[in-house]
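Visitor: I am new to this structure and should like a close look at a single part of it. Please take me through the place where protein and DNA meet, and then show me how that part relates to the rest.

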There are 2 protein chains.
Amino acid sequence: MTKVTIRHVAEAAGVAVKTVSRVMNGEPNVTRDLQDRVMKAVDQLGYVPSMAARRMGGRRSYLLVALNDRQNTINNWRSGRGNDWIDQMLHGAMLTCEAHGYRMLFELVQAGSEDLDRKVVAILSALQPDGIILTPPHSQNLALVEMLTRRNVPVVRMGVPGKGVGFGVFMDDRAAAAEATRHLIDLGHQRIGFIAGSPRFEASRQRLDGYADALHQADIGMDEALIAPGDFTFESGVTAAEALLSRSDRPTAILASNDEMALATLHVASRLGIRVPDLSVISFDDTPGVRLSVPGLTSVRQPISEMAAKAAELLIGVSRTGETAPSDHLLPFGLEVRGSTTRVT
Amino acid sequence: MTKVTIRHVAEAAGVAVKTVSRVMNGEPNVTRDLQDRVMKAVDQLGYVPSMAARRMGGRRSYLLVALNDRQNTINNWRSGRGNDWIDQMLHGAMLTCEAHGYRMLFELVQAGSEDLDRKVVAILSALQPDGIILTPPHSQNLALVEMLTRRNVPVVRMGVPGKGVGFGVFMDDRAAAAEATRHLIDLGHQRIGFIAGSPRFEASRQRLDGYADALHQADIGMDEALIAPGDFTFESGVTAAEALLSRSDRPTAILASNDEMALATLHVASRLGIRVPDLSVISFDDTPGVRLSVPGLTSVRQPISEMAAKAAELLIGVSRTGETAPSDHLLPFGLEVRGSTTRVT
DNA sequence: CCATTGTTTGACAACGTTGTCAACGGTCGT
DNA sequence: ACGACCGTTGACAACGTTGTCAAACAATGG
């Protein structure tokens with residue numbers, strides 16, 4: 001019932017403390033016989049090593065830290081509430097972490113704050129993680145990435161290419177936007193509107209470019225009037241949708257740069273008496289709510305949990321073996337087709 | 001650039017290591033003079049104590065663990081994706097934790113699993129947290145709570161009354177259901193349907209009881225035919241809504257036991273050609289997506305972040321001072337009125 | 001003025017693990 | 001048969017902090 005330490009296991013198995021340590025860490029050069037004796041004692045006593053002591057004795061902390069910003073995200077929900085990322089990341093990285101005895105701890109830090117560096121350094125000092133995962137918009141902060149690299153903390157940047165500065169785990173936003181647009185074209189749409197995202201995020205430009213790519217490839221002229229600015233908020237989506245849908249030559253389909261603005265578009269359309277067969281809407285991020293809208297929203301799924309799994313894998317790999325992996329890891333996106341996109345009538 | 005330990009601070013300030021420790025922990029019996037010298041050195045060097053070493057040396061780990069179940073929740077989204085709790089809890093507890101140098105780590109454990117006890121014990125052994133926060137349905141698991149208590153780990157149970165077994169931080173589901181129902185009655189509704197939740201959760205019964213309370217209080221007879229079973233999934237909401245809305249004497253308003261089933265109800269209503277003025281819908285949980293539906297869904301907001309803040313406060317209090325607080329902490333809910341509830345025509 | 005009590009400070013051990021290094025015994029090559 | 005080498009095992013220090021205890025000193029009461 002009381003605490004079980006490595007010493008208890010060593011005594012029970014009749015071996016040295018260090019031997020138990022070796023077995024627990026899967027180190028080579030332990031005979032089968034001792035290995036079995038130790039494992040038996042471990043099972044019997046229910047021994048689990050203390051992370052704190054591991055960190056003290058050795059070089060690893062068995063801890064990964066994910067740096068999130070809850071305010072400045074692409075796909076947060078209206079009025080700052082709710083952000084799907086943390087939940088999905090945790091879920092995605094769980095298996096990988098569990099398999100290697102690692103944990104993942106989330107830290108919320110606002111990207112704009114003046115003392116960001118100080119805060120991050122404090123986190124490093126207190127937690128001494130074996131690696132750190134940056135989510136947008138932190139992952140775009142090159143100064144931050146370099147500071148971490150200087151301190152020898154392995155870094156994964158989510159949502160952007162690594163380009164040699166830390167690991168990058170990301171999807172191809174441009175290709176995704178192109179595929180989404182192509183999906184609309186294949187359904188017979190010719191006038192396709194676009195609601196842009198905040199220029200603060202690289203992904204915004206990528207998505208616009210992909211949209212342009214697909215139009216160009218299909219020999220559809222790009223009409224600047226069909227491109228409306230937005231900043232990922234519901235309100236900006238309303239404004240943009242009103243601008244697009246009140247035109248006499250209004251588009252028959254709209255590609256919104258995130259779900260929130262797409263839902264705003266549905267909202268406006270409904271108010272204007274425009275129903276889905278007459279307007280298709282497609283968007284980015286596939287956040288949980290979109291499948292529950294009426295109609296369900298077709299959306300590009302960003303592989304957040306897969307990215308997190310890959311991120312954990314990379315960091316644990318570096319921490320375990322010291323081996324360095326390639327910098328860039330491109331993961332496939334998914335186009336989740338639902339009721340909001342239909343063949344043009 | 002290299003690691004700054006307490007020894008460096010002690011040397012810089014010209015005091016003993018233990019004195020620095022005292023200052024860092026706000027212990028009494030340190031003269032003003034030394035305190036200032038130490039703080040100056042701390043600021044100058046950017047010293048932040050290592051959590052691991054703190055855990056090794058002292059009795060505290062400065063770590064709280066939140067035990068979540070991602071599969072079996074009231075307000076998860078369709079097909080198991082997305083759960084608002086973790087994000088909100090983290091956000092809610094952040095300030096409290098930060099102020100006391102604590103961290104919060106989330107662990108995902110499935111409630112049904114046979115080796116739940118083993119898993120939890122492993123978490124305790126590895127992390128040695130100063131307290132543990134259980135979310136539904138774990139918070140209902142009395143055996144689990146007792147096991148933790150036996151091991152002297154302070155426990156907060158979220159979403160249920162503590163009743164002397166650990167702390168309970170919760171809202172009054174029954175009162176909330178009553179208030180929601182009353183809201184409908186005040187709008188002139190007399191025939192009010194109810195979609196129940198899974199009996200696996202205590203909250204389901206509470207909500208039904210509250211519904212009954214309000215009807216009774218308003219002298220509206222309860223029609224058993226207006227109560228449809230559900231299990232918190234979108235599909236069950238569809239079935240329930242179809243049953244309720246296809247009646248010749250269909251209700252003019254429906255209270256659904258969670259958002260997902262409410263959205264399903266809107267879905268079905270739309271399909272049947274019933275629009276909002278003719279049907280009001282209200283629900284529980286106020287998950288992020290509901291404000292984006294068309295129309296926005298009126299919902300009872302569960303104070304998750306406030307509950308998490310309170311939970312952290314309680315656990316940190318016990319860990320710091322050893323003082324024990326009252327067991328039960330009732331937090332107010334909020335009724336978020338949006339477009340889905342209107343005066344009966 | 002002394003005994004007593006309380007306040008401030010520091011020396012040192014302890015926490016549970018891993019890194020380092022040395023000792024031991026066996027195998028191989030000559 | 002001997003030395004060199006390798007695989008296996010263990011003794012011991014180290015990690016950075018807090019708990020314990022004692023020393024030095026100041027304040028208080030008789």
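Guide: A polar contact is a pair of N or O atoms within 3.5 Å. With that cut-off in mind, please note that the model before you is predicted, and let us begin at DNA strand C.

A backbone N or O atom of A:Ile6 lies 2.4 Å from a phosphate oxygen of DNA strand C. A second backbone atom, an N or O of B:Ala16, is found 3.0 Å from a phosphate oxygen of DNA strand C. The side chain of A:Arg59 also takes part, with an N or O atom 3.0 Å from a sugar or linking oxygen of DNA strand C.

These contacts belong to a wider surface. In total, 28 residues surround DNA strand C, and the closest are A:Ile6, A:Ser21, B:Thr19, B:Arg22 and B:Thr31. Of the atoms of DNA strand C that come within 4 Å of the protein, 65% are accounted for by sugar and phosphate. By character, the residues of this surface divide into 11 nonpolar, 10 polar and 7 charged.

Which helices supply the surface near DNA strand C? At least two residues each come from α1 (6–13), α2 (17–24) and α4 (51–57) of chain A, and from α2 (17–24) and α4 (51–57) of chain B. The element that gives the most is α4(A), with 4 residues.

We may now turn to DNA strand D. It is surrounded by 28 residues, of which the closest are A:Thr19, A:Arg22, A:Met56, B:Ile6 and B:Ser21. Here sugar and phosphate make up 65% of the DNA strand D atoms that come within 4 Å of the protein.

Bases of DNA strand D are reached as well. An N or O atom in the side chain of A:Arg22 is 2.6 Å from a base nitrogen of DNA strand D. A polar backbone atom of B:Gly57 is 3.4 Å from a base nitrogen of DNA strand D. In addition, B:Arg59 places a polar side-chain atom 3.1 Å from a sugar or linking oxygen of DNA strand D. Two or more residues of the surface near DNA strand D are given by each of α2 and α4 of chain A, and by each of α1 (6–13), α2 and α4 of chain B. With 4 residues, α4(B) gives the most to this surface. Its residues divide into 11 nonpolar, 10 polar and 7 charged.

How are the two protein chains related? A turn of 180° and a shift of 0.0 Å along the axis lay chain B on chain A with an RMSD of 0.1 Å. That is the relation of a two-fold axis. Moreover, 100% of the interface residues of chain B are also interface residues in chain A, so the copies meet through the same surface.

Finally, a word on another part of chain B. There, 6 strands form an open sheet of mixed pairing, in the order β7-β6-β8-β9-β10-β12. Its edge strands, each paired on one side only, are β7 (227–228) and β12 (334–336). Within this sheet, β9 (residues 280–285) and β10 (residues 298–301) of chain B pair in the parallel sense over 4 bridges. The bridge partner of B:Asp285 in β10(B) is B:Arg301. Helix α9 (residues 202–217) of chain B packs on the sheet, where it touches β6, β7, β8 and β9, and its direction makes about 170° with that of β6(B).

Conventions:
Residues are numbered from 1 along each chain as its sequence is written. Chains are lettered from A and ligands numbered from 1 in the order in which they are written. This is a predicted model: local features need pLDDT of at least 70, side-chain atom pairs count only at pLDDT 80 or more; totals for chains, interfaces and linings use all residues. Side-chain values use heavy atoms; hydrogens and water are left out. Two strands pair if DSSP finds at least two bridges between them. Contact means heavy atoms within 4.5 Å. Axes are lines fitted to C-alpha atoms, for helices over the stretch in contact, and angles run from 0 to 180 degrees between N-to-C directions. A residue is near a molecule or strand if one of its heavy atoms lies within 4 Å of it. A polar contact is a pair of N or O atoms within 3.5 Å; within protein, one must be able to donate a hydrogen and the other to accept it, and residues adjacent in sequence count only if both atoms are side-chain atoms. Ala, Val, Leu, Ile, Met, Phe, Trp, Tyr, Cys and Pro count as nonpolar, Asp, Glu, Lys and Arg as charged, and the others, Gly among them, as polar. Copies are superposed by least squares on the C-alpha atoms of residues with pLDDT of at least 70 in both.
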